[in-house]
Amino acid sequence: MCKIAGFATDLSGLRRKMRDIRVASGSFWANRMKTLSIKVDYLTRVEGEGALHVKIKEGAVEDVQLKIFEPPRLFEAFMRGRRAFEAPDITARICGICPIAYQMSAVQAVEDALGLKIDGPTRDLRRLIYCGEWIESHALSVYMLHAPDFLGYPGALEMAGKYPDAVNRGLQLKKTGNEIVALLGGREIHPINVRVGGFYKTPTKRDLAKIGERLKWAREAALETVRWVSGFEFPDCERDYEFVALSHPSEYPLNEGRLVSNKGLDIEVSHFDGHFTEEHVKHSTALHSMLIQRGAYFVGPLARYNLNYDKLSPLAREAAEAAGMKPPCLNPFRSIIARALEILHSCDEAARLIEEFEMPEKPATDVRVREGVGYACTEAPRGILYHRYRIDNEGTLLDARIVPPTSQNQKTIEEDLRQFIPKYSNLSKEKLTAFCEHAIRNYDPCISCSTHAIRIWDSR
Amino acid sequence: MPRSKKPKLAFWKFASCDGCQLTLLDCEDELLAVANEIEIANFAEASSTVLRGPYDISIVEGSITTPQEEERIHRIRRSSKFLMTIGACASGGGIQSLRNFKDVREFVSIVYATPAYIETLNKSTPMKDHIPVDFELQGCPPNKYQLLEVISAYLYGRKPITPPYSLCLDCKRKDIVCVMVANGIPCMGPITHAGCGALCPSYRRGCYSCFGPKEAPNTGSLSAWFSSLGSPNQDIIRSFRSYYGWTEAFRKESEVLEKS
């Protein structure tokens, strides 16, 4: 430690010069001969267990593997022989973050098999509980899983020091969504009040009014969320995607609609099996879903947004315009804005449903069991979730097929990395790895779900 | 503040739905306060921060279903002072333990086109079958207030209060009319571990035992009740073969019923 100030300054200046030379020559050589592997052994801030391996050779991407190693729990196999009415409770356990999506797809598929169509206030209550889940899941994703990437933090808890208002807003938005789910479903995770035919017990107008009050705050918070995320810096990455989502004549899709895409798909949900297929690849315990005719496709908020923009609430459309998000948006990094807009839309929709709520005559319609095959597709927070069940005349499940959203996005995620990495190959390995993880989080993966995109054939 | 240095907490996931990690994140009002009292060393769902062990408190969700998981839990046990399981999967084997009653090879080949790519164990088993466990928090999902209770109890060096008596006591406390006696609805409450606040009966639904067996459950007596209410034998077996189906008391009862 030199006590002569002048000399000390020179030394640190020299050190700085040496470091600059080292960095410059490093990137010089790095650009010329970029051959490296990116390995993330355990992806964080995603739901479930996955890893990433990328091989880059001389600046070109040689291989990308989104390695899902989430252990298979074999739901579709052990569901055989269970009662059809158990489907909503059992399938909820496929995912802790989106149990309502499973319960909604499950009950509707069973009802379809039994020739039962739910309408009126019960249908509205189902839309309401789904709004609750969208708010909760999207708030979790935006604030806790995805925003830290844009702001350079390992997580929201670490972010809370510098952004306390934002993190608290996110937590309270998530809480609002959870309150809706808990009121209508009994509890936030694995709700108990959903059944084939409707509900076990319906809420009163007074219970709902309390939530209505809360939604006034939530709507403002959601607007603030849109403003907050649209100010982030977005990598300039765009691709030509096939977006797939439900579409309904008058509603932003939740529980019902036809399956459509921006490249000509327009089918009834019951024709899903004829247009989509799965591939079992070695590096993933989750099957890769593909369109039979065209391969990879993209589901989730950005897909819904691009295909159903005109059905968003007026406030959400206004906020979208202010955020510079006129459809079609082809930059997956901007899906965080689509998610924020969906939070806003869900607050509006929930408020409307509560305002117009009428108690149904009975919490559930009577259900008569008969044999049949039933299909349903609903929009989980992360994208379309398809269930198909075959039931015998005693109401026992013979076979089940469940295709969750994240399994449908796997190929698209890998292709994104293949196409985007070359643009950013001048980044350091650490920054490039962070970029890859960020690109994966654009899809808000729910990996525990995706390991259940499985077809099971009844051997009879 | 009982401690001068913040204890290191790690959350670990095995075969599960991630609902238990989410349970902590669902404590929206308390989360930041909790994060202040502990040092989060590993919490994959919420943070990219990974600190090396040893850990003061490890919370484990999910069951053991693969050889890799078997290895991993031993490493975690070795580096944890206090290890607790959270949820039905880690404490009881979970709903996926239904595979234990069948041939898993048959399941895998039905489910996956190339079974050779899938490495899985015959059974889905709880943590206590593999390592000594210091505490089990029941529930599918667990009650988030009970999770806070366990963490607080640990921080203050006292025993957590998570009573193992049956749901019936909570129904009585809440003035809920017994769905079984009054409505003839089969209810697992009399043999189920309390913690949910008698949720299903409060929604006029029979309990389906997502918190598992209470201490010393009288399963034979309840089966007889279900039978007298007109429940077919297969449905009674399904009631026991569920989220806690692999626990000894429930498994034995379902096997007895199967033989009859």
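Colleague: How many residues of domain 1 of chain B are in contact with domain 2 of chain B?

Modeller: In this predicted model, 15 residues of domain 1 of chain B are in contact with 13 residues of domain 2 of chain B. The domain assignment places domain 1 at 8–155 and domain 2 at 167–259. Taken over C-alpha atoms, the centres of these two domains of chain B are separated by 25 Å.

Colleague: Which helix gives the most to the domain 1 side of that contact in chain B?

Modeller: Helix H4 of chain B, residues 87–92, gives the most to the side of domain 1 that touches domain 2, with three residues. By class, that side of domain 1 of chain B has five nonpolar, 10 polar and no charged residues.

Colleague: How many residues of chain B are in contact with chain A?

Modeller: Here 45 residues of chain B are in contact with 51 residues of chain A. On the chain B side, helices H1 (19–25), H2 (31–37), H5 (104–111) and H9 (199–202) each supply at least two residues. H1(B) provides the largest share of that side, four residues. The residues of chain B that touch chain A divide into 25 nonpolar, 10 polar and 10 charged.

Colleague: How should one read a nonpolar core, and which residues have the most contacts inside the largest one?

Modeller: The general idea is that, in soluble globular proteins, nonpolar side chains tend to be buried together. In this structure, the largest nonpolar core has 207 residues, and those with the most contacts inside it are A:Ala222, A:Val244, A:Ala340, A:Leu341 and A:Leu344. Helix H5 of chain A, residues 120–151, gives the most to this core, with 14 residues. From chain B, the core draws at least three residues from each of domain 1 and domain 2.

Colleague: Which residues is A:Ala222 in contact with, leaving aside its neighbours within four places in sequence?

Modeller: With those neighbours left aside, A:Ala222 is in contact with A:Leu173, A:Ala340, A:Ile343, A:Leu344 and A:Cys347.

Colleague: How does one check a helix, and what span should H7(A) have?

Modeller: An α-helix has 3.6 residues a turn, so residues three or four places apart point the same way. For the length check, one allows 1.5 Å a residue, so the 22 residues of H7(A), 164–185, should span 32 Å. The end C-alpha atoms of H7(A) are 30 Å apart, which agrees.

Colleague: Is H7(A) largely enclosed or open?

Modeller: Of the 22 residues of H7(A), 17 are buried, so this helix is largely enclosed by the rest of the structure. Just after H7(A), A:Gly186 takes a positive phi of about 100°.

Terms used:
Residues are numbered from 1 along each chain as its sequence is written. Chains are lettered from A and ligands numbered from 1 in the order in which they are written. This is a predicted model: local features need pLDDT of at least 70, side-chain atom pairs count only at pLDDT 80 or more; totals for chains, interfaces and linings use all residues. Two residues are in contact if their C-beta atoms, placed from the backbone, lie within 7 Å. Ala, Val, Leu, Ile, Met, Phe, Trp, Tyr, Cys and Pro count as nonpolar, Asp, Glu, Lys and Arg as charged, and the others, Gly among them, as polar. The expected span of a helix is 1.5 Å times one less than its number of residues. A residue is buried if 20 or more other C-beta atoms lie within 10 Å of its own, exposed if 12 or fewer, and partly exposed in between; C-beta atoms are placed from the backbone. A nonpolar core is a set of buried Ala, Val, Leu, Ile, Met, Phe, Trp, Tyr and Cys residues joined through C-beta atoms within 7 Å. Domain bounds come from an automatic or database domain assignment.
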